[in-house]
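Here is a short report on one protein model. Have the structure open as you read.

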Amino acid sequence: MPREYLLVDGYNMIHAWQELKELAEVSLESARQKLLDMLSNYKGTQKTHIIVVFDAYLVKGNVGSIYQYHNISVVYTKEAETADHFIERVVNRLPKYDKVSVATSDGLEQMIILGEGGQRMTAQELRQRVLQEQKEIRKKYIENKPPKNNLLADNIDKDALDWIEALRKQK
């Protein structure tokens, strides 16, 4: 059975999404964290495997790392390897029957991904999908939210309520 993958160029999203770009000006770590949280929430409603790739190619001696953040995979590339190169390698190595989408605003990278058999998604397309899913999650939460005064008496049958009332009056 084919699997679905979404590879995300992390720093590309941070610089393309206005709210993350502004946050990165204050703290790049906070912008990365917010992106990961947003994509993790998005993944909660999707069947696709999400892999977020961050460039770490300028870090001397960096061997790279891969870890799980909640329900998504996070990759920091090794020294001298860009996120684009890592993503191209992954797309090239995945079985051709798997569905692979790549989110980046890099036009050249989008063309390379298409040539490798992947599907492209712009940074703004991914942002719109993530924001739309956030709205849907909020809507479902509000519709299924328990009453504000979630009292015991609101949730038990009349016989049990009468019995409790009789006990209360016996004091």
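A polar contact is a pair of N or O atoms within 3.5 Å; within protein, one must be able to donate a hydrogen and the other to accept it, and residues adjacent in sequence count only if both atoms are side-chain atoms. The model is predicted, so local features need pLDDT of at least 70, side-chain atom pairs count only at pLDDT 80 or more, and totals for chains, interfaces and linings use all residues. Residues are numbered from 1 along each chain as its sequence is written, and side-chain values use heavy atoms, with hydrogens and water left out.

**Two polar side chains**

Gln 68 sits in strand β3 (residues 65–69). Strands (E, at least two residues) and helices (H or I, at least four) are DSSP runs, numbered from the N terminus. Thr 48 lies in the loop between α3 (28–43) and β2.

Are these residues buried or exposed? Buried means under 20% relative accessible area, exposed over 50%, and partly exposed in between (1.4 Å probe, protein chains only). Gln 68 has 52% relative accessibility, so it counts as exposed. Thr 48 has 8%, so it counts as buried.

Their polar contacts are listed here.

| Side chain | Partner | Distance |
|---|---|---|
| Gln 68 | Ile 72, backbone oxygen | 3.4 Å |
| Gln 68 | Ser 73, side chain | 2.6 Å |
| Thr 48 | Glu 4, backbone oxygen | 3.1 Å |
| Thr 48 | Leu 6, backbone nitrogen | 3.4 Å |

**Aromatic rings**

How many aromatic pairs does the structure hold? There are 3. Rings of Phe, Tyr and Trp (its six-membered ring) pair if their centres lie within 6.5 Å; planes under 30 degrees apart count as stacked, over 60 as edge-to-face and the rest as tilted. Phe 54 and Tyr 76 are stacked, at 5.3 Å centre to centre and 20 degrees between the planes. Phe 54 is in strand β2 (residues 49–54) and Tyr 76 in strand β4 (residues 72–76), so their pair ties together parts 22 residues apart in sequence. Both Phe 54 and Tyr 76 are buried. Ring pairs join Tyr 11, Phe 54, Tyr 67 and Tyr 76 in a cluster.

**Nonpolar cores**

A nonpolar core is a set of buried Ala, Val, Leu, Ile, Met, Phe, Trp, Tyr and Cys residues joined through side-chain atoms within 4.5 Å. The largest has 27 residues; among those touching the most other members are Trp 17 and Phe 54. Helix α3 gives the most to this core, with 6 residues. A second, separate core of 14 residues includes Val 53, Phe 86, Val 102 and Ile 113.
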